[in-house]
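Here are my notes for a first look at this one. Have the structure open while you read, and go point by point.

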Amino acid sequence: MIKALRGTQDILPVAAEKWQFLETRIRRLCRQYGFGEIRTPHFEQTELFQRGIGETTDVVSKEMYTFSDRGNRSLTLRPENTAAAVRAYLEHKEYADQGVTKWYYMGSMFRYDRPQAGRFREFHQFGIEILGTPLPQADAECIAMAVQLFTELGLQDLTVYINSVGCPVCRPRYRQVLLDYLQQYRGELCEDCVARMEKNPLRVLDCKQEHCHAVALGAPRLTAHLCEECATHYQAVQALLAAAGIEVTEDPRLVRGLDYYTKTAFEIQYAPLGAQSAICGGGRYDGLVEEIGGISVPGIGFAVGLERLLLALESQQLLPEQEAAADVAIAVQTEAANEVAFALGQQLRQAGRSVDTDLLQRSMKSRLKQAAKSGVKYVIIMGETELTEGTVTLRDMQSHAQETVPQAALTDVLATKLDGRG
Ligand SMILES: [Zn+2]
Ligand SMILES: [Zn+2]
């Protein structure tokens with residue numbers, strides 16, 4: 001038997017209802033904040049991700065789904081969406097009016113990763129990008145938006161961690177200070193971290209190994225070595241968030257590996273998820289657009305892993321528990337009524353009703369049982385009497401009361417009952 005691949009999943013209707021609930025909330029929030037949706041292809045030239053994510057990252061060096069197409073081009077399934085959004089931004093010359101571009105995306109991403117709870121090889125992300133402004137207001141707006149999403153969904157115990165990773169002016173200076181410090185502890189660091197000291201010493205700060213972690217705790221802080229511009233920016237972001245009543249916790253070990261990341265880095269954690277507690281990560285990337293397309297445009301964004309967010313919401317019972325029921329179900333009791341019943345069903349659907357038509361035509365008893373289980377509010381019964389009289393019997397599934405309604409009046413009668421209007 002052929003099964004779904006490891007790290008992929010089928011989302012069946014009851015689960016899809018939860019996804020839709022979450023997606024609807026996300027889209028509403030994006031409208032509130034003035035973001036338009038960008039949908040980029042699921043695959044791109046491999047080079048885009050090599051440049052946009054960085055060849056030294058785990059994502060590019062170990063986790064990408066890269067293949068040759070029949071024209072021998074090297075293509076890659078998108079492992080994240082920022083690089084593609086920036087590619088689209090450049091390709092469509094969004095920068096031409098020198099305004100601010102605010103985009104959000106939501107969809108499948110692909111990484112060859114070890115599957116575990118809340119982690120899949122085909123997974124889903126929602127994210128935003130703000131391109132074209134260096135101002136700290138954009139940083140604050142990103143963070144505020146993510147916090148509003150999680151708070152409105154009902155999650156409590158959120159912690160917003162924030163840091164500044166500096167810029168090409170101040171980071172190299174800090175890098176040297178950090179290296180001098182790390183040299184003293186070289187013997188205590190893991191193998192990976194010793195290698196990181198050469199390429200990317202900042203990454204030692206977020207190593208999960210116990211000894212490295214201890215060394216990192218005593219390391220000099222980047223925020224103490226920021227240039228004036230970065231320091232001012234960092235303070236402004238914090239002041240804006242404080243003004244809106246958003247609490248943040250500074251985390252000097254929140255770093256990002258690549259040169260194009262600048263200034264603000266942030267992460268939102270939801271502690272009850274344990275080891276997988278990070279539900280949102282983001283930051284400023286003022287060097288990325290130039291890395292991909294040669295022109296310099298500041299940018300900032302975040303991404304949210306939707307599987308993990310759903311796990312968090314599920315654990316707090318914050319998701320709908322079943323599929324939404326139809327407004328009405330039809331029960332046909334005589335074959336002679338098939339055509340009239342079918343036409344009535346279509347008429348109701350055209351009037352905006354959701355209708356569960358009778359596709360099995362089993363006994364009345366089993367039809368009512370099934371209707372009750374689905375949570376439908378009314379059942380329209382069509383038997384011989386109703387057919388002759390041009391009526392239907394309308395059964396209220398809650399009170400079990402039944403009434404006779406002329407077929408011609410059914411749409412209006414249901415509108416009164418279901419919408420409370422006449
Ligand atoms: Zn700086
Ligand atoms: Zn380490």
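1. Start at lysine 93, which comes after helix 4 and has a positive phi, near 50 degrees. Keep in mind throughout that this is a predicted model.

2. Now step back into helix 4 itself, residues 82–91. How many of its ten residues are buried? Eight are, so the helix is mostly covered. The buried ones are Thr82, Ala83, Ala84, Ala85, Val86, Arg87, Ala88 and Tyr89. Arg87 is worth a click, as it is listed among the buried residues. The cover over these residues includes strand 2 (43–45), helix 2 (46–53) and strand 5 (101–110). Strand 6, helix 10 (288–293) and strand 11 are also part of that cover.

3. Two of those covering elements, strand 2 and helix 2, lead to a small topic of their own. Three strands make an open, antiparallel sheet in the order 2-4-3. Strand 2 and strand 3 (66–68) are at its edges with a single partner strand each, so each has one side without a neighbour in the sheet. On average, neighbouring strands here are turned by 35 degrees against each other, ignoring direction. Strand 3 and strand 4 (residues 74–77) run antiparallel and are joined by three bridges. If you want a pair to look for, threonine 66 sits opposite threonine 76 of strand 4. Helix 2 packs on this sheet and touches strand 2, strand 3 and strand 4. The direction of helix 2 makes about 80 degrees with that of strand 2.

4. Next, the sheet with eight strands. Its order is 1-5-6-11-10-9-7-8, it is open, and the pairing is mixed. Which strands are at the edges? They are strand 1 (36–37) and strand 8 (249–250), each pairing on one side only. Further in, strand 6 (residues 122–131) pairs with strand 11 (residues 299–305) in the antiparallel sense, over seven bridges. One pairing to find is isoleucine 128 with its bridge partner in strand 11, phenylalanine 302. Helix 5 packs on this sheet, where it touches strand 6, strand 7 (158–164), strand 9 (262–270), strand 10 (278–284) and strand 11. The directions of helix 5 and strand 11 make about 15 degrees.

5. Helix 5 (residues 136–152) also meets helix 1 (residues 13–32): their axes come within 11 Å and cross at roughly 140 degrees. This crossing is right-handed. From helix 1 the contact uses Arg25, Ile26 and Leu29, and from helix 5 it uses Met145, Gln148, Leu149 and Glu152. Sorted by class, that gives four nonpolar, one polar and two charged residues. Residues three or four places apart in an α-helix point the same way, because there are 3.6 residues a turn.

6. Don't skip leucine 135, in the loop between strand 6 and helix 5. Is leucine 135 buried or partly exposed? It has 16 C-beta neighbours inside 10 Å, so it counts as partly exposed. Its C-alpha atom is separated by 9.1 Å from that of proline 298, although the two residues are 163 apart along the chain.

7. Towards the end of the chain, look at strands 14, 15 and 16. Strand 14 (residues 378–382) pairs antiparallel with strand 15 (residues 391–396) over four bridges, and isoleucine 380 stands opposite leucine 394 in strand 15. Strand 15 also runs antiparallel to strand 16 (residues 402–406), with five bridges joining them. Here valine 392 has valine 405 of strand 16 as its bridge partner. Five residues lie between the strands of the hairpin formed by strand 15 and strand 16, and in that hairpin histidine 400 takes a positive phi near 70 degrees.

8. Finally, zoom out. The protein has 15 helices and 16 strands. Its radius of gyration is 28 Å, well over the 22 Å that the globule rule gives for 422 residues, so the protein is more spread out than a compact globule. The C-alpha trace spans about 95 × 55 × 45 Å along its principal axes. Of the 422 residues, 35% count as buried. Among contacts with a separation of 6 or more, 68% come from residues 24 or more positions apart.

How values were computed: Residues numbered from 1 in each chain as written. Chains lettered and ligands numbered in written order. Predicted model: local features only at pLDDT ≥ 70, side-chain atom pairs only at ≥ 80, totals over all residues. Axes fitted to C-alpha atoms, helices over the stretch in contact; angles between N-to-C directions. Helix = DSSP H or I, 4+ residues; strand = E, 2+ residues; numbered from the N terminus. Left-handed = near helix turned anticlockwise from the far one by under 90°. Contact = placed C-beta atoms within 7 Å. Nonpolar A, V, L, I, M, F, W, Y, C, P; charged D, E, K, R; others polar. Pairing = 2+ DSSP bridges. Rg over C-alpha atoms; globule rule 2.2 N^0.38 Å. Buried ≥ 20, exposed ≤ 12 C-beta atoms within 10 Å, placed from the backbone.
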